[in-house]
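Thanks for coming. I have one structure to go through today, so please bring it up on your screens.

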Amino acid sequence: MAKKFYVVWQGVVPGIYTDWNSCKKQVDKFPGARYKSFPSLVEAEMAFNGSTSAQDKKTLTSKTSVTKKRSAQNSAGTKATGVKTYTALEIAAMPIEVKIFTDGGCDPNPGQAGSGMALYRNEAIESLWYGLYNPMGTNNTAELNALHQALIMAQKELDNGQSVAIFCDSKYAIQCVTQWAVGWQKKGWKKSGGEIKNLALIKEMFALHQRIKEKVQVLHVNGHVGVEGNELADRMSILAIESREPGFRRYTDVIDIGQILMMRTG
């Protein structure tokens, strides 16, 4: 039987799935579920990203407003920024021992903010983290805080001889630390056109990244497209807001992925 790829536009976790059972878990008993199978990954990705036929668009494409917003934010300007976006299949294929996913949330923006992180070891979820609640925060600051915690965690894993990659759905956070800060530092931490927001935090993150950048990749992944680690980090960022956790603490409940994914999204 030829392999199929399943696109879920509206379900528990919208995204692209490589087997029917995984797809079914997202759409079974989900009100207004919308999904379809495709014969190739390329066709599935085109359909999920909105490059499908007019008829399919009319009858099948209906994503949530949050998914639309996040997809638009994360896909805009890929060529101009030079930040490659990695799919779930590409991430799974990477021979990395420790994979750390980060996300930040803010409701509204600016407003109550929190950060989340999911750590996988040898492709299995090991721990979830949440916190850094700020009652007057922004989405960008929350994303930076989450990435900062991932860099700190990455340093510890490197010290233990592990290979590490970090996956963040904020191009802003990634570029601040891995690209723009290089030029800002050379100019005395100034930029043309105005102030550098979150400067103190960026300086600290940049110094840490400079120490480990040869051993750790900081990569971009789209939010809310079915990448499990990103989805879990997202739920943790909302838990940080709801619990108003000021520190950054480990999630101590049983990690029931299905139940956690049913939590409110950011």
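**Asp 169, one cavity and a sheet**

The side chain of Asp 169 is in polar contact with that of Asn 230, at 3.2 Å; a polar contact here is a pair of N or O atoms within 3.5 Å, one able to donate a hydrogen and the other to accept it, and residues adjacent in sequence count only if both atoms are side-chain atoms. This is a predicted model, where local features need pLDDT of at least 70 and side-chain atom pairs pLDDT 80 or more, while totals for chains, interfaces and linings use all residues. Numbering starts from 1 along each chain as its sequence is written, and side-chain values use heavy atoms, without hydrogens and water.

Asp 169 sits in the loop between strand E7 (164-168) and helix H8 (171-186); helices (H or I, at least four residues) and strands (E, at least two) are DSSP runs numbered from the N terminus. Asp 169 counts as buried because its relative accessibility is 2%, and buried means under 20% with a 1.4 Å probe, protein chains only.

Next, the sheet. It is open, has 3 strands in the order E2-E1-E3, and its pairing is antiparallel; two strands pair if DSSP finds at least two bridges between them. Strand E2 (15-17) and strand E3 (34-38) are the edge strands, each pairing on one side only. Between strand E1 (residues 5-10) and E3 there are 5 bridges. Phe 5 has Phe 38 in E3 as its bridge partner.

Technical notes: Buried < 20%, exposed > 50% of the residue type's maximum accessible area, 1.4 Å probe, protein only.
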